[in-house]
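This report describes selected features of one protein chain. It proceeds from strand pairing to individual residues and then to charged side chains.

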Amino acid sequence: MKIKPIIIITLIACFLLSCADSNRGKVTLPDIDISNSPNGIVPLPDNTPSIIRDVFVKYTKIIAPNGKPIHFLATEDWTENKLMKVRNVMEYMLTDFPDSEYGGDKTVVANTMADRKATMTLFNSSTNAREVREGPFGSKTDLFKQSMWANEITCEGEDDYMNHITRDAAYEEVWHLVHEAGVKSVLREFQVEIEAAKDAAVAIGWGPPNDDPYSWHSEYYAQQLDNYLDLWVVQPKVWEGRELEPGEMPEGTAHWGQNQVNSRGELKELDPVGYELVEKFFRPYLTYTPQLPVDFKGTFSLEFDESLVYTHKSQHLKDVILRGENNANLIGNAYDNVFKGNAGDNVFRGGKGEDIIDGGEGNDTAVFSGSESDYTVTRDDVRVVVKDKQINRDGEDSLTNIEILQFKNRKIKL
């Protein structure tokens, strides 16, 4: 039987009112302006209550459709790159996925999270988090909190990411907040499907990660999202700052052997229900745009290459921004990539799809697979459009601030 929308709205309103009653008199965050920060990250202002400011030093937020913030509080070990990454992941999770069963309009999820003052609390380590939660911050604030540590995240373009060293928990931990503060209470049909899929997975050998059955549905879905993004195809070398012993994590599994699936392909084959559930809420690619570190140099590829371990992860990106002044190169994949260069001399290869490439400053080159005669080149006052006559090869690239076209047989200076 379908529940009428008015009943759902009433239930949500009652739930939020009960939360407001339980939080009455507790300490809250002030309205914090981030508009003057180029990257949206600011120091906590002086008017922040001391039980919050005594723990955290940095802040950023995203604004839900209802105009209210979803918060990110960070300790000193959280670099700006790490803060931008975790905020990016949240934005990906709350980006609409048109025509999907549950992700077509995520407004109610984001608004409910903001109404409940959903907050990522980003600590130095698990020890740091435990100490803080036992103090006044843990009991006297009205924030709906989800924790994460600075030693369990990697950022695109950094050495840790490129060499696949640290286990990246960003997607798992951000999902827990999206799930618990939003999805679980407002997308009930989705929640029922997640719980049923979890029960089926347990029946065929999925190992619950803890002794708290209440959390298993969220843990299960988070693991399958990790696998959908191919984060466990290659085992990490470090977990929460600790170097792992050889064989400590069984090869061919994910999450310390709890999950016999460790890739998107295996997820589709071995747990098709879990695979379909991910695609009922999330796009098949990451919608956020990472900004590579200012000191990045060399090549960053979104095209899967077995010899480049990081491309198990980067193959699911679509857009990238280069920063700084170093010479650096970007290689695209089959998605419609959007690339922006830096002040150095950049080389771009868009690959398949309809790509948009802005070289930025410097002497920049766009590379194509075939000879000049295989392409049509058109120009206007703003851009150059290069279209491959051969289907399923280089697609169509829209270029600005590109100085050189590199074809197989010749270079053309623009």
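Two strands are taken to pair if DSSP finds at least two bridges between them. By that criterion, strand 11 (residues 338-340) and strand 13 (residues 354-358) are paired, since three bridges join them, and the two run parallel. The model under discussion is a predicted one.

**Confidence**

The mean pLDDT of the chain is 93, and 94% of its residues reach 70 or more. Two segments fall well outside that description. Over residues 1-12 the pLDDT stays under 50, and the model has three contacts beyond four places in sequence for this segment. Residues 15-21 likewise have pLDDT under 50 throughout, with four contacts beyond four places in sequence. Where pLDDT is low, the predicted coordinates should not be read in detail.

**Strand pairing**

Within the pairing of strand 11 with strand 13, K340 stands opposite D358 of strand 13. Strand 13 also pairs with strand 17 (residues 396-400), in the parallel sense and over five bridges. In that second pairing, D355 has D397 of strand 17 as its bridge partner.

A further set of pairings involves strand 3 (residues 69-74). Strand 2 (residues 58-63) and strand 3 run antiparallel and are joined by six bridges, with K58 standing opposite A74 in strand 3. These two strands form a hairpin with five residues between them, and G67 in the turn has a positive phi of about 85°. Strand 3 is also joined to strand 4 (residues 118-123), by four bridges and in a parallel arrangement. Here H71 has T119 of strand 4 as its bridge partner. Five of the six residues of strand 3 are buried, so this strand is largely enclosed by the rest of the structure.

**Helix 4 and its surroundings**

Helix 4 (residues 107-115) has as its buried residues V109, A110, N111, T112, M113 and A114. The elements that cover them include strand 3, helix 3 (80-93), strand 4 and helix 8 (170-186). Just after helix 4, K117 takes a positive phi of about 60°.

**Two buried histidines with positive phi**

Positive phi values also occur at two histidines in loops. H164 is found between helix 7 and helix 8, and its phi is near 50°. H164 counts as buried because its relative accessibility is 5%. H255 lies in the loop between strand 7 (242-243) and helix 11 (264-270), with phi near 55°. At 2% relative accessibility, H255 is buried as well.

**E152**

How far away is the nearest side chain of opposite charge to the buried residue E152? That side chain is R167, at 4.8 Å, and E152 has no salt bridge. The cut-off for a salt bridge is 4 Å between a side-chain nitrogen of Lys or Arg and a carboxyl oxygen of Asp or Glu, so the distance to R167 does not qualify. E152 is found in the loop between strand 5 (144-149) and helix 7 (159-162). A polar atom of the E152 side chain lies 2.9 Å from the backbone nitrogen of W149. Leaving aside neighbours within four places in sequence, the contacts of E152 are T166, R167, D168, A169, A170, E173 and E240.

**Salt bridges**

Side chains of opposite charge can pair when their charged atoms come close. The structure holds 19 salt bridges, and the table lists some of them with the burial of each partner.

| Salt bridge | N to O distance | Relative accessible area of partners |
|---|---|---|
| D199 and K198 | 2.8 Å | D199 44%, partly exposed; K198 11%, buried |
| K318 and D319 | 3.0 Å | K318 16%, buried; D319 8%, buried |
| D388 and R393 | 2.7 Å | D388 8%, buried; R393 18%, buried |

In the salt bridge of D388 with R393, the closest N and O atoms are 2.7 Å apart. Elsewhere, salt bridges that share partners join K85, E156 and D168 into one network. D168 is also among the contacts of E152.

**V273**

V273 belongs to helix 12 (residues 272-279). This residue is partly exposed, with a relative accessible area of 47%. V273 and V202 are 71 residues apart along the chain, and their C-alpha atoms are separated by 13 Å.

Conventions. Residues numbered from 1 in each chain as written. Predicted model: local features only at pLDDT ≥ 70, side-chain atom pairs only at ≥ 80, totals over all residues. Heavy atoms only, no water. Buried < 20%, exposed > 50% of the residue type's maximum accessible area, 1.4 Å probe, protein only. Lys, Arg positive; Asp, Glu negative; His and termini not counted. Polar contact = N/O pair within 3.5 Å; in protein donor to acceptor, adjacent residues only side chain to side chain. Contact = heavy atoms within 4.5 Å. pLDDT = per-residue confidence, 0-100.
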